[in-house]
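Let's take a walk through a structure together. Have a look at the picture and the sequence, and then we'll go piece by piece.

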Amino acid sequence: MTLGEGDLYASYQRLERPLFDALYRMLWNRQDCQDLIHDAFLRIWERHHRVDVDRLDALVWVTTLNLARNRLRWQRLWRTESFDADWPDSLPTPETLVDDLTQQRRLHKALRRLPAAMRDVVLLSEFSELSQAEIASVLGIPAGTVASRRHHAIDRLHALLTEDDND
Amino acid sequence: MTESTTLGPKLKPPPGGLLRLQRAVQQREIKRSHTKNWVVAGITASVLAAAVLIVSHDIARQRQITRALQQALTAPPQTHFDNGAYVSLPSHDKNVRILLIGSLSPAVPANTESTSD
């Protein structure tokens, strides 16, 4: 079954939030994340006659992650990394704001030092609500690799955060 | 430390994302429809132009042949032929050749049967 406008919008409503959560940990800029999600859905719409609705959500994740990786490469190339520190939904107190900001910066730094393959597994496992098999399909890796890579990635992330605490 | 606390709280995307997508999709569909109409109109115009050219060329050629034939037939007979040979008739048009082809058998009149009383 080919993709219709209704399917596309339903998928957007379903995935906007998890996509935003994952992308924010890669790009650290709210507007960039929203633009990228928008671009990914439009790209999919451009070839909607060839898109299978049953595979839509996985395709959205693949397309969005590819666009995010391209954006990160571009940012590294031109050294235009952003960090808008727009963290919680509720208004924070000055104390929690400082704590949150510090926590964000530490996480930002740690995630940037984490290898991309590990980072993608962690973010998808945490935010995508996809099964292990689906994550494997999105990332193009064997299903068994997802669990082991996730385990290593979490260990590495904790190590990086601890290392940052000790600096 | 759990993953959730490590990776921070879940966030709320900026509002208006879906509306923006819907507008962009609709604009693209309108643009695509216009492009399709222009392509169809272009192809139709090309086919019509080609047809007009072919027909007008054909008509001109027919007129040329008719005129040359009329001129050849009205000219005084200067040629003769022997038993099935063809001869060239003078043509006033350099693009038209007129060949007169004779028959080996004599022409049979349409009404050859004689009635006897």
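How many residues does helix α5 of chain A have, and how far does α5(A) reach from its first C-alpha to its last? Helix α5(A) covers residues 116-127, so to speak a run of twelve residues, and it spans 16 Å from the first C-alpha to the last. That is close to the 16 Å expected at 1.5 Å a residue. Keep in mind, as you look around, that this is a predicted model.

Now, is α5(A) mostly covered or mostly open? Mostly covered: nine of its twelve residues are buried. If you'd like to find them, they are Arg119(A), Asp120(A), Val121(A), Val122(A), Leu123(A), Leu124(A), Ser125(A), Glu126(A) and Phe127(A).

Follow the chain onward from there. Just after α5(A) you meet Glu129(A), which takes a positive phi of about 60 degrees. This residue sits in the loop between α5 and α6 of chain A, and a positive phi here belongs to a residue other than glycine. Is Glu129(A) buried or partly exposed? Glu129(A) has 13 C-beta neighbours inside 10 Å, so it counts as partly exposed.

Once past that loop, you reach helix α6(A), residues 132-139. The two helices on either side of the loop pack against each other: α5(A) and α6(A) meet at an angle of about 140 degrees, with their axes 11 Å apart. What do we call that arrangement? Since angles over 145 degrees would count as roughly antiparallel, α5(A) and α6(A) are therefore oblique to each other. Their crossing is right-handed. On the α5(A) side, the contact is made by Asp120(A), Val121(A), Leu124(A) and Ser125(A), while α6(A) brings Ile135(A), Val138(A) and Leu139(A). Sort these contact residues by class and you get five nonpolar, one polar and one charged.

The spacing of those α5(A) residues fits with a bit of background. An α-helix has 3.6 residues a turn, so residues three or four places apart point the same way. With that in mind, look again at Asp120(A), Val121(A), Leu124(A) and Ser125(A) in the contact with α6(A).

Time to zoom out to the whole of chain A. Chain A has seven helices and zero strands, so read along the sequence its pattern is simply α-α-α-α-α-α-α. Buried residues make up 32% of its 167 residues. Of the contacts in chain A with a separation of 6 or more, 66% are between residues 24 or more positions apart.

Another spot in chain A deserves a stop. Trp28(A) lies in the loop between α1 and α2, and its phi is near 60 degrees, a positive value in a residue other than glycine. Is Trp28(A) buried or exposed? With 23 other C-beta atoms within 10 Å, Trp28(A) is buried, because a residue needs 20 or more such atoms to count that way.

Next comes the partner, chain B. Chain B has two helices and two strands, and from the N terminus on they run α-α-β-β. Buried residues make up 3% of the 117 residues in chain B. Among its contacts with a separation of 6 or more, residues 24 or more positions apart account for 28%.

How many residues does each chain put into the contact between them? Chain A gives 29 residues and chain B gives 18. On the chain A side, the elements that give two or more residues are α1 (5-27), α2 (30-46), α4 (94-113) and α7 (143-166). The largest share, eleven residues, comes from α1(A). By class, the residues on this side of chain A divide into 15 nonpolar, six polar and eight charged.

Let's finish by following α1(A) across to chain B. There, α1(A) packs with helix α2(B), residues 17-74, at an angle of about 155 degrees, and their axes are 10 Å apart. That makes α1(A) roughly antiparallel to α2(B), and the crossing is right-handed. The residues in touch are Glu5(A), Leu8(A), Tyr9(A), Tyr12(A), Gln13(A) and Glu16(A) from α1(A), and Gly17(B), Leu18(B), Leu21(B), Gln22(B) and Val25(B) from α2(B). By class, this contact has six nonpolar, three polar and two charged residues.

Methods
Residues are numbered from 1 along each chain as its sequence is written. Chains are lettered from A and ligands numbered from 1 in the order in which they are written. This is a predicted model: local features need pLDDT of at least 70, side-chain atom pairs count only at pLDDT 80 or more; totals for chains, interfaces and linings use all residues. Helices (H or I, at least four residues) and strands (E, at least two) are DSSP runs, numbered from the N terminus. The expected span of a helix is 1.5 Å times one less than its number of residues. Two residues are in contact if their C-beta atoms, placed from the backbone, lie within 7 Å. Ala, Val, Leu, Ile, Met, Phe, Trp, Tyr, Cys and Pro count as nonpolar, Asp, Glu, Lys and Arg as charged, and the others, Gly among them, as polar. Axes are lines fitted to C-alpha atoms, for helices over the stretch in contact, and angles run from 0 to 180 degrees between N-to-C directions. Angles under 35 degrees count as roughly parallel, over 145 as roughly antiparallel, 65 to 115 as roughly perpendicular and the rest as oblique. A crossing is left-handed if the near helix is turned anticlockwise from the far one by less than a right angle, and right-handed if clockwise.
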